[in-house]
Amino acid sequence: MNPLLLTAILFGIFLLAGVRIIFEYKRALKFRFGKYIKTLKPGFRWIIPIVETVQIVDVRVITINVVSQEVMTEDNVPCSIDGVVFFKINDPERAVLEVEEYKFAITQLAQAALRDVCGKVELDTILSKREEMGKNIKSIVVQETQEWGIEIIDVKIKDIQLPENMRRMMANQAEAERSRRARIILATAEEQAADMLLEAGKKIDQSPSAIKLRLYQTLSNIAAEKNSTILFPFPEEVLPRNKKK
């Protein structure tokens, strides 16, 4: 084979081996003999093969699941809580050079913060104030990762698993609360109805004609339901009426 052709082929392979395509949502840290040189921007880039290497970093929002953690709340209720962490790398150099495996480190911090925050409050607080619990966990993780060039966007509590006996107790409590409200509403309705009947009775007592009209209305309702004969044991004239002064 022609030495020039062989040299050209080897040189072409050498050039192609150093080609790197960096996507818009990524950054590449270039190292020369293990020493950091600079961060390569998106686009077509070339590095010296063997001499230089690159480490790709994704700068999009990254989601990490916080695996279920066994937590004992302040009121001694065991529960399993899991969550999710949203973060973004703002400084790729610091994220790679300052910490080893930043994803694993953030996961461990989030787990420890979740156990710490949820273990200091009662179960009712965790169930009713998930958003507040997430903010407290976020503040702890942010404080620990601020030197890593990483922005913690949000921390959410996804699910809370309770023991079966605790679920039954909470269901019974909710049912008792609904029953209490129903009884209060019924008692209030009875009280209002009694007040209105009392007022109506006072108005009817003030007018003999109203008493008659009410009597005729009652007879009409009875006759509409059943076709029967109605007998009065006393004449109409004996109905109570106001005396004229």
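Are F87 and Y102 buried or exposed? I began my notebook with this pair. Both residues turn out to be buried. I keep in mind that the model is predicted.

**Entry 1: the chain as a whole**

I looked up the overall make-up. The protein chain has seven helices and eight strands. It runs to 245 residues, and 26% of them count as buried. The exposed surface comes to about 17400 Å². Carbon and sulfur atoms supply 57% of that surface. I then checked contacts between residues at least 6 apart in sequence. Of these, 64% join residues at least 24 apart.

**Entry 2: aromatic pairs**

How many aromatic pairs are there? I found a count of four. One of them is F14 with W46, an edge-to-face pair. The ring centres are 6.3 Å apart, and the planes meet at 65 degrees. F14 belongs to helix α1 (residues 3–17) and W46 to strand β4 (residues 43–46), so this pair ties together parts that lie 32 residues apart in sequence. I checked how covered the two residues are. F14 is partly exposed, at 36% relative accessible area. W46 is also listed as partly exposed, at 38%.

Next I went back to F87 and Y102. Their ring centres are 6.4 Å apart and their planes stand at 80 degrees, so I note this pair as edge-to-face too. F87 sits in strand β7 (residues 78–89), and Y102 sits in helix α3 (residues 102–118). The two are 15 residues apart, and the pair links distant parts of the chain.

I also looked for a charge over a ring. The charged end of R60 sits over the ring of Y25, at 3.8 Å from the ring centre.

**Entry 3: the nonpolar core**

Which residues have the most contacts inside the largest nonpolar core? I wrote down I81, F87, Y102, I106, I137, I150 and I152. The core has 38 residues. So F87 and Y102 appear again, because this list includes both. Several elements each supply at least two core residues, among them β2 (26–32), β6 (62–72), α5 (130–145) and β8 (150–161). Helix α3 gives the most, with eight residues.

I picked I106 for a closer look. Leaving out residues up to four places away in sequence, I106 touches I64, V85, F87, T145, W148, I150 and I152.

**Entry 4: T73 in its loop**

Where is T73? I found T73 in the loop between β6 and β7. Its relative accessible area is 2%, so T73 is buried, the cut-off being under 20%. A polar atom of the T73 side chain lies 3.1 Å from the backbone nitrogen of V77. I listed the contacts of T73 beyond four places in sequence. They are C79, C118, G119, V121, E122, L123 and I126.

**Entry 5: two positive phi angles**

Most residues other than glycine have a negative phi. I looked for cases that go the other way. I50 is not a glycine, yet its phi is positive, about 70 degrees. I50 is in the loop between β4 and β5 (52–58). Its relative accessibility is 84%, so I50 counts as exposed.

E101 also has a positive phi, about 55 degrees, without being a glycine. The loop between α2 and α3 holds E101. Is E101 buried or exposed? At 56% relative accessibility, E101 counts as exposed.

Technical notes
Residues are numbered from 1 along each chain as its sequence is written. Side-chain values use heavy atoms; hydrogens and water are left out. Rings of Phe, Tyr and Trp (its six-membered ring) pair if their centres lie within 6.5 Å; planes under 30 degrees apart count as stacked, over 60 as edge-to-face and the rest as tilted. Helices (H or I, at least four residues) and strands (E, at least two) are DSSP runs, numbered from the N terminus. Buried means under 20% relative accessible area, exposed over 50%, partly exposed in between (1.4 Å probe, protein chains only). A charge sits over a ring if NZ of Lys or CZ of Arg is within 6 Å of the ring centre and within 35 degrees of the ring normal. Contact means heavy atoms within 4.5 Å. Accessible areas come from the Shrake-Rupley method with a 1.4 Å probe; for residues, only the protein chains shown count as cover. A nonpolar core is a set of buried Ala, Val, Leu, Ile, Met, Phe, Trp, Tyr and Cys residues joined through side-chain atoms within 4.5 Å. A polar contact is a pair of N or O atoms within 3.5 Å; within protein, one must be able to donate a hydrogen and the other to accept it, and residues adjacent in sequence count only if both atoms are side-chain atoms.
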